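Ready for a few short exercises? Have a look at the sequence and the structure, try each task yourself, and then read the worked solution.

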Amino acid sequence: MPLERFGVSMNRELLQQLDQAIEEAGYANRSEAVRDMARAFLVNRQWEAPDGEVVGTITLVYDHHVPGVVAKLTALQHDAEPTVICNTHVHLDHHNCIEVIVARGAAEQVRRLADRMISARGVKHGQLTRTAVQQ
Ligand code: NI
């Protein structure tokens, strides 16, 4: 894809802070960092649009001894509107499991699946990581 160049005006202090953060983050140059910022902005917009096509990673930590929690989390994935692409389960210790679910679909549906899983009884901690495919 051909690259386009454009100029950006900003005050010196903001630019100095930006350059310092870019260097700390390990970017090779300012352009690479600005491209990632543009993608992050667009991914965010996709998640804000109810029918935006997104990918979400749902991470759950739960105690598998809590009655019904495994069946509940399984049923939610079978009945989910967004497609559950994959699911990884790790037995952390005697009580705790971590499960990572990757779901693709409309933003609102992925968010709803995450909310229902995170709020399920027995789930101690849950987090939805939001991403989407960008150019
Ligand atoms: Ni387990």
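**Exercise 1. Find the helix that holds Gln46, decide whether Gln46 is buried or exposed, and list its contacts from farther along the chain.**

Solution. Start with the place: in this predicted model, Gln46 belongs to helix α2, which covers residues 30-48. Next, take its relative accessibility, which is 19%. The cut-off for buried is under 20%, so Gln46 counts as buried. Finally, set aside the neighbours within four places in sequence. Gln46 then touches Gly52, Glu53 and Val54, as well as Ala107, Ala132, Val133 and Gln134.

**Exercise 2. Place Val34 and Asp19 in their helices, and say how far each lies from a given partner: Leu18 for Val34, Arg30 for Asp19.**

Solution. Val34 is found in helix α2. Its relative accessibility is 33%, so Val34 is partly exposed. Now step back along the chain: Leu18 is 16 residues away from Val34 in sequence, and their C-alpha atoms are separated by 10.0 Å.

Asp19 sits in helix α1, residues 12-25. With a relative accessibility of 27%, Asp19 is also a partly exposed residue. Between Asp19 and Arg30 there are 11 positions in sequence, and the C-alpha to C-alpha distance is 7.2 Å.

**Exercise 3. Work out which residues hold the nickel ion, and how they are spaced in sequence.**

Solution. First, name the donors: His89 gives its NE2 atom, His91 its ND1 atom and Cys97 its SG atom. The distances to the nickel ion run from 2.0 to 2.3 Å. Second, write the donor residues in order, which gives the spacing H-x1-H-x5-C. Third, check how open two of the donors are. His91 has 63% relative accessibility and is exposed, whereas Cys97, at 2%, is buried.

**Exercise 4. Describe the surroundings of His64, including its contact with one of the nickel donors.**

Solution. Begin with the location: His64 is in the loop that joins β1 (53-63) to α3 (69-78). Its relative accessibility is 34%, so His64 is partly exposed. Beyond its neighbours within four places in sequence, His64 is in contact with Val69, Val70, His94, His95 and Cys97. Cys97 is the residue in this list that also coordinates the nickel ion. To add a distance, take Asn96: it is 32 residues from His64 along the chain, and the two C-alpha atoms are 6.4 Å apart.

**Exercise 5. Locate Ser119, state whether it is buried or exposed, and give its distance from Gly52.**

Solution. Ser119 lies in the loop between α4 (107-118) and β4 (123-131). Its relative accessibility of 59% makes Ser119 exposed. Ser119 and Gly52 are 67 residues apart in sequence, and in space their C-alpha atoms are 24 Å apart.

**Exercise 6. Put together a picture of the whole chain: what are its elements, and how spread out is it?**

Solution. Count the elements: there are 4 helices and 4 strands. Their order along the sequence is α-α-β-α-β-β-α-β. Then compare the radius of gyration with the globule rule: the chain has 20 Å, while the rule gives 14 Å for 135 residues, so the chain is more spread out than a compact globule. The C-alpha trace spans about 60 × 30 × 25 Å along its principal axes.

Now turn to burial and contacts. Of the 135 residues, 28% are buried. Among contacts with a separation of 6 or more, 66% come from residues 24 or more positions apart.

Last, consider the surface and the charges. The accessible surface is about 9400 Å², and carbon and sulfur atoms account for 52% of it. The chain carries 14 positive and 17 negative side chains, and the centres of these two sets are 2 Å apart.

Methods. Residues numbered from 1 in each chain as written. Predicted model: local features only at pLDDT ≥ 70, side-chain atom pairs only at ≥ 80, totals over all residues. Heavy atoms only, no water. Helix = DSSP H or I, 4+ residues; strand = E, 2+ residues; numbered from the N terminus. Rg over C-alpha atoms; globule rule 2.2 N^0.38 Å. Buried < 20%, exposed > 50% of the residue type's maximum accessible area, 1.4 Å probe, protein only. Contact = heavy atoms within 4.5 Å. Areas by Shrake-Rupley, 256 points an atom, 1.4 Å probe, with all protein chains shown as cover. Lys, Arg positive; Asp, Glu negative; His and termini not counted. Charge placed at Lys NZ, Arg CZ, Asp CG, Glu CD. Donors = N, O, S within 2.8 Å, 3.2 Å for Na, K, Ca; no water.
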